Amino acid sequence: MTLAATVSLSADDARRIALRAQGFLGAPDRRGGVRGVLRHLGAVQLDTISVLARSHELIPYARLGAVGRTAVEEAYWSDRHAFEYWSHAACILPIEEWPHFAFRRRIKRAHGYRWHKMKDKEASCRLVLDRLRAEGPLTSTELGGAKNGGPWWDWSETKIAVEWLLDAGDVVVTERRGWKRVYDLPERAVPDALLHDDLDDRECLRRLVALAGQSLGVGTRADIADYHRLKGEQVDSVIADSGLVPVEVEGWAKPAWADPAALATVPRGRHRTTLLSPFDSLVWDRPRTERIFGFAHRLEAYVPKPKRIHGYFAMPLLAGGRLQGRVDPAREGSTLVARQLSLTTPKAARPMAEALREAAQWVGCDTVRVERAGTPEEAAAVTAELAAL
């Protein structure tokens with residue numbers, strides 16, 4: 001790695017920096033545990049899909065190994081440690097970042113509504129706040145029901161009100177209970193020292209750009225913007241004051257910036273071999289994933305089944321610091337089934353088998369079966385490696 005007036009990085013330098021920044025290169029911080037992973041990443045995406053487990057469980061598993069699933073939930077949702085809000089998508093965020101999303105809360109308030117509009121905004125919001133004030137934290141069901149009985153988007157007036165209040169910061173979510181958001185008043189859920197919207201937009205953006213740079217290690221303007229879903233011009237307005245430094249990366253057509261701490265030492269250590277959620281922050285930005293790893297990945301859960309290529313919830317295989325395949329897993333009783341898998345190289349058969357075996361044990365399965373593969377040779381090779389473990 002060359003450190004000069006303008007830092008130049010090879011493509012491999014950038015890849016290793018990104019892996020270390022995301023917690024996949026070097027010894028994992030086991031003392032920090034799940035909360036350490038959240039602080040390190042800055043955001044953990046939530047999603048309704050659950051195959052092996054929900055995505056927010058897969059994130060710490062991929063970095064720490066077989067951490068208990070109950071322990072994962074407790075780490076996220078206890079001791080006022082985290083809150084849920086809009087970042088890359090709906091994400092779990094460290095509670096200390098509450099003040100830095102003030103700019104987004106102001107945007108939401110100025111807009112005045114989400115995609116739903118209330119029949120009587122003032123009365124509906126007052127009712128929700130009065131109930132929370134009198135009864136404590138409640139789910140939308142406990143508040144009066146989430147839906148009117150129609151399709152999923154046919155929200156009740158109460159649901160529309162509480163979600164609007166969440167957007168605006170007048171309620172907060174610091175817990176999920178049975179996958180349902182639990183709404184509370186900020187003055188009860190956010191520590192006093194953090195409960196303010198005092199920071200102006202520029203300071204909020206500067207902090208989020210710096211955080212994105214730290215979490216990515218190195219990234220282009222688009223990479224940095226995508227991490228917390230900022231606009232390019234918002235990044236432009238604060239990048240010079242963010243503490244990130246300009247770099248040139250071999251093969252990258254656009255300018256990039258890096259976290260100075262990421263440049264201070266050469267990334268070394270053990271690589272994780274693991275399956276990744278498609279919503280993992282290492283791979284959630286598809287153009288960046290292809291640029292860094294030469295690996296094109298697409299979530300096909302919302303693609304009609306006949307048009308799927310790799311499967312409903314194909315999980316990339318990370319091994320040796322590279323993406324070496326993918327597998328669409330499922331559980332049938334105590335068997336983890338690789339419904340479809342593919343490898344980028346025959347040498348990936350062993351790490352694929354290792355990753356499948358570890359994932360199976362984590363979710364309580366005692367056997368693994370390969371159902372389909374890109375070629376018969378791949379299926380036979382992974383099956384043979386599974387038998388040898």
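## Where the two domains meet

Colleague: In this predicted model, which side chains does Asp12 or Arg322 bring to a salt bridge, and at what N to O distance?

Modeller: Asp12 and Arg322 join their side chains in a salt bridge. A pair like this counts when the nitrogen sits within 4 Å of a carboxyl oxygen. Here the N to O distance is 3.5 Å.

Colleague: How many salt bridges are there between domain 1 and domain 2?

Modeller: The chain splits into domain 1 (1–281) and domain 2 (302–388). Asp12 falls in the range 1–281 and Arg322 in 302–388. For salt bridges between domain 1 and domain 2, the count is two.

Colleague: And which elements give two or more residues to the side of domain 1 that touches domain 2?

Modeller: Polar contacts turn up across this interface too, in seven residue pairs. On the domain 1 side, the elements giving two or more residues are α1 (11–21), α3 (55–64) and β11 (274–275).

Colleague: What is the make-up of that side, in nonpolar, polar and charged residues?

Modeller: Contact here involves 25 residues of domain 1 and 27 of domain 2. The domain 1 side divides into 14 nonpolar, five polar and six charged.

Colleague: How much area do the domains bury between them, and which residues of domain 1 lose the most?

Modeller: The C-alpha centres are 29 Å apart. Between them the domains bury about 2400 Å², with 68% of that on carbon and sulfur atoms. Three residues together make up 30% of what the domain 1 side buries, and they lose the most area to domain 2: Val51, Leu52 and Leu275.

Definitions and conventions: Residues are numbered from 1 along each chain as its sequence is written. This is a predicted model: local features need pLDDT of at least 70, side-chain atom pairs count only at pLDDT 80 or more; totals for chains, interfaces and linings use all residues. Side-chain values use heavy atoms; hydrogens and water are left out. Domain bounds come from an automatic or database domain assignment. Contact means heavy atoms within 4.5 Å. Buried area is the accessible area (1.4 Å probe) that two parts lose on being put together, summed over both. A polar contact is a pair of N or O atoms within 3.5 Å; within protein, one must be able to donate a hydrogen and the other to accept it, and residues adjacent in sequence count only if both atoms are side-chain atoms. Helices (H or I, at least four residues) and strands (E, at least two) are DSSP runs, numbered from the N terminus. Ala, Val, Leu, Ile, Met, Phe, Trp, Tyr, Cys and Pro count as nonpolar, Asp, Glu, Lys and Arg as charged, and the others, Gly among them, as polar.
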